[in-house]
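Here is a short report on the fold of one protein chain. It takes the chain as a whole, then its sheet, its cores and one residue.

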Amino acid sequence: KVTIDFVVNHTGIDNEWFKKALKNEEPYKSYYIFSDKYTNINEISPFGGRLWNQKDGRYYYSIFWEGMPDLNMRNPKTRDAIKEAAKFWIDKGVDGFRLDATKHIDDEDREITHGFWKEFNCYVKNINKDFFLVGEAWEEDPEVVAPFLGDMDSSFDFGMKSIIRSLGNGEPYPLTKNIADTVSAYKKVNENYIDTIFIGNHDMNRIASEYNGDTIKLKLAAAILFTLPG
């Protein structure tokens with residue numbers, strides 16, 4: 001099976017959509033979020049940088065950094081364009097998507113975020129009932145992650161990632177209690193959820209570097225990973 005990265009929260013600053021939006025071209029100008037006279041352009045993003053960045057004299061919303069303007073997912077035309085992009089890959093024979101930044105579709109209204117993912121999940125499943133969606137909801141609290149398991153098949157388990165790294169490093173942790181709490185939280189929203197456990201990804205230091213190449217620690221972390229549910 002082939003699962004590819006699919007980015008819905010934002011585009012790159014050099015994306016053709018964004019270039020056309022800056023020129024006020026339809027329908028692209030409403031694909032993004034631009035400032036108006038009421039906007040506090042000095043607002044700081046949750047990640048410490050500027051929330052509103054400027055290009056060609058216009059300020060645009062970009063929660064991560066200036067090179068990744070956020071898409072306006074409250075706009076039905078934006079959502080339809082994203083679905084078209086998804087269908088392009090599904091028609092190519094792709095079996096699933098790793099969905100980037102699933103928490104941040106709408107940072108002011110979480111219901112919009114969950115509503116979009118439910119809509120997107122229905123869309124891809126109508127094309128291919130076995131299509132697989134795994135989300136990157138970067139959050140360690142299973143109670144916060146749980147609602148995303150009601151929107152899609154799976155979500156990366158960032159809490160377990162931290163636990164595996166700690167255990168591999170010889171730090172004690174009540175692993176079985178954590179698993180029980182996670183299972184309880186997830187099953188409330190999706191009896192058939194899939195827990196995607198992992199040790200690390202491209203946004204963090206690789207575990208071999210964290211352990212300074214210590215083979216014993218690496219083997220222990222791998223053993224824990226491969227014997228956990230999921």
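The report below moves from overall dimensions to a single side chain.

**Overall**

This is a predicted model. The chain holds eight helices and seven strands. Its C-alpha trace spans about 55 × 40 × 30 Å along the principal axes. Of the 230 residues, 44% are buried. The accessible surface comes to about 12300 Å². Carbon and sulfur atoms account for 51% of that surface. Contacts often link distant parts of the sequence: among those between residues at least 6 apart, 63% join residues at least 24 apart.

**The sheet**

Five strands form an open sheet with parallel pairing. Their order is S1-S4-S5-S6-S7. Which strands stand at the edges? They are S1 (3–6) and S7 (194–196). Each has a single partner strand, so one side of each is left without a neighbour in the sheet. Neighbouring strands are turned by 25 degrees against each other on average, direction ignored. Strands of a sheet pair through backbone hydrogen bonds, either parallel or antiparallel.

The table lists three of the pairings, with one bridged residue pair for each.

| Strand pair | Bridges | Residue pair |
|---|---|---|
| S4 (residues 96–99) and S5 (residues 132–135) | four bridges, parallel | Gly96 and Phe132 |
| S5 and S6 | two bridges, parallel | Gly135 and Ser155 |
| S6 (residues 154–156) and S7 | three bridges, parallel | Phe156 and Thr196 |

Helices connect some of these strands. Between S4 and S5 the chain passes through helix H3 (residues 110–127), and this β-α-β crossover is right-handed. Helix H4 (residues 142–149) lies between S5 and S6 in another β-α-β unit. That unit is right-handed too.

**The cores**

In soluble globular proteins, nonpolar side chains tend to be buried together. Here the largest nonpolar core has 30 residues. Which of its residues touch the most other members? They are Phe97, Trp117 and Phe120. Helix H1 (16–22), helix H2 (76–92), S4 and H3 each supply at least two residues of this core.

Phe97 lies in strand S4, which covers residues 96–99. Leaving aside neighbours within four places in sequence, Phe97 contacts residues from several stretches of the chain. Thr3, Ile4 and Phe6 are among them, and strand S1 covers 3–6. Ala86, Trp89 and Ile90 are also in contact with Phe97; helix H2 spans 76–92. Phe120 is another partner, and helix H3 spans residues 110–127. Phe131, Phe132, Leu133 and Val134 complete the list.

Apart from this core lies another, of 13 residues. Its members include Ile199, Tyr211, Ala221 and Leu228.

**A closer look at Tyr186**

Tyr186 sits in helix H6 (residues 175–187). Is Tyr186 buried or exposed? Its relative accessibility is 2%, so Tyr186 counts as buried. The cut-off for buried is under 20%.

Which residues does Tyr186 touch, not counting those up to four places away in sequence? Pro142, Val145, Ala146 and Leu149 are among them, and helix H4 covers residues 142–149. Tyr193 and Asp195 are also touched. Strand S7 covers 194–196. Tyr186 and Pro27, by contrast, are 38 Å apart in space, C-alpha to C-alpha. In sequence, 159 residues separate Tyr186 and Pro27.

Definitions and conventions. Residues are numbered from 1 along each chain as its sequence is written. This is a predicted model: local features need pLDDT of at least 70, side-chain atom pairs count only at pLDDT 80 or more; totals for chains, interfaces and linings use all residues. Side-chain values use heavy atoms; hydrogens and water are left out. Buried means under 20% relative accessible area, exposed over 50%, partly exposed in between (1.4 Å probe, protein chains only). Contact means heavy atoms within 4.5 Å. Two strands pair if DSSP finds at least two bridges between them. Axes are lines fitted to C-alpha atoms, for helices over the stretch in contact, and angles run from 0 to 180 degrees between N-to-C directions. A crossover is right-handed if, with the strands pointing away from the viewer, the path from the first strand over the helix to the second runs clockwise. A nonpolar core is a set of buried Ala, Val, Leu, Ile, Met, Phe, Trp, Tyr and Cys residues joined through side-chain atoms within 4.5 Å. Accessible areas come from the Shrake-Rupley method with a 1.4 Å probe; for residues, only the protein chains shown count as cover.
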